[in-house]
Amino acid sequence: LRVLIEVANADGDIDPIELQVIERIVIAMSIQNADFQSILALYRRQKDINWAYTALEISPSSSNDEVKKAYRRMFHTAGFALLAALFITLLMPAVNGSKAWIQLGFMTIQPSEFAKSYIIILLGLTVNDYGSQKIGFWEYMRNPFVFFILCLGIIFLQPDLGTLVIF
């Protein structure tokens, strides 16, 4: 969906006809309208001052705590999508002996590269929030550690362990 929106926005603006075509695809893919509007808001930054609130699916009158919760929810959703993409690589045909790539026809992506960035950001957010919590360090670091172990486990199942060594 993001690729379609990127293509439509290549000239700097999404025409109404392009938007109608994308909306038909959204309906055909059974994507919820709130999710579609959330993604679309990222491309309407110049026109909509409340684009960030729309992307987080909250109202502009939300408190700081509500904004933080919505951001974390979005970030965790991205983490689950990343784990799913890593798992999908196990089902893809091998390319030069490696199954670490997802082939999309016109391009290939390697989800483990996105996982590295995600783990760094997740650790940064976790360490930033650690001082304000009244729990132990390892209890607080559980989520980043579990995500890291899950990523390693999925990558370990691939026949080419080069990605695991670099990860």
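Modeller: Let's start with a term: rings of Phe, Tyr and Trp count as a pair if their centres lie within 6.5 Å. Keep in mind that this is a predicted model.

Colleague: Thanks! How many aromatic pairs does the structure hold?

Modeller: It holds three aromatic pairs. One of them joins Phe75 and Tyr118.

Colleague: How should I read the geometry of such a pair, and what is it for Phe75 and Tyr118?

Modeller: In general, two values describe a pair of aromatic rings: the distance of the centres and the angle of the planes. For Phe75 and Tyr118 these are 4.4 Å centre to centre and 10° between the planes, and the pair is stacked. Planes under 30 degrees apart count as stacked, so 10° qualifies.

Colleague: Where in the chain do these two partners sit?

Modeller: Phe75 is in helix H5 (residues 64–88) and Tyr118 in helix H6 (residues 111–130). They are 43 residues apart, so the pair links distant parts of the chain.

Colleague: Are Phe75 and Tyr118 buried or exposed?

Modeller: The cut-off for buried is under 20% relative accessible area. Phe75 has 11%, so it is buried, and Tyr118, with 8%, is buried as well.

Colleague: Which other ring pairs with Tyr118, and how is that pair classed?

Modeller: Tyr118 also pairs with Phe147, and that pair is tilted, with 4.7 Å centre to centre and 45° between the planes. Phe147 lies in helix H8 (residues 142–156) and Tyr118 in helix H6, so this pair ties together parts 29 residues apart in sequence. Phe147 is buried too, with a relative accessible area of 8%. Ring pairs link Tyr71, Phe75, Tyr118 and Phe147 into a cluster.

Colleague: Now for pockets. What is the volume of the largest pocket, and which residues are closest to its centre?

Modeller: Its volume is about 1400 Å³. Of the 32 residues that line the largest pocket, Arg2, Ile39, Thr77, Ala78 and Ala81 are the closest to its centre.

Colleague: Which helix gives the most to that lining?

Modeller: That is H5, with twelve residues. H1, H3, H5 and H6 each supply at least two residues of the lining. By type, the lining divides into 26 nonpolar, two polar and four charged residues.

Colleague: And H3, which of its residues are buried?

Modeller: In helix H3 (residues 33–41), the buried residues are Phe36, Ser38, Leu40 and Ala41. Among what covers them are helix H1 (2–8), helix H2 (16–28) and helix H4 (51–55).

Definitions and conventions. Residues numbered from 1 in each chain as written. Predicted model: local features only at pLDDT ≥ 70, side-chain atom pairs only at ≥ 80, totals over all residues. Heavy atoms only, no water. Buried < 20%, exposed > 50% of the residue type's maximum accessible area, 1.4 Å probe, protein only. Helix = DSSP H or I, 4+ residues; strand = E, 2+ residues; numbered from the N terminus. Contact = heavy atoms within 4.5 Å. Phe/Tyr/Trp six-rings, centres within 6.5 Å; stacked < 30°, edge-to-face > 60°. 1 Å grid on protein atoms, 1.4 Å probe; cavity = no way out; pocket = protein on both sides within 12 Å on 5 of 7 lines; lining within 4 Å. Points joined across faces, edges and corners; volume = space filled by probe spheres on them. Nonpolar A, V, L, I, M, F, W, Y, C, P; charged D, E, K, R; others polar.
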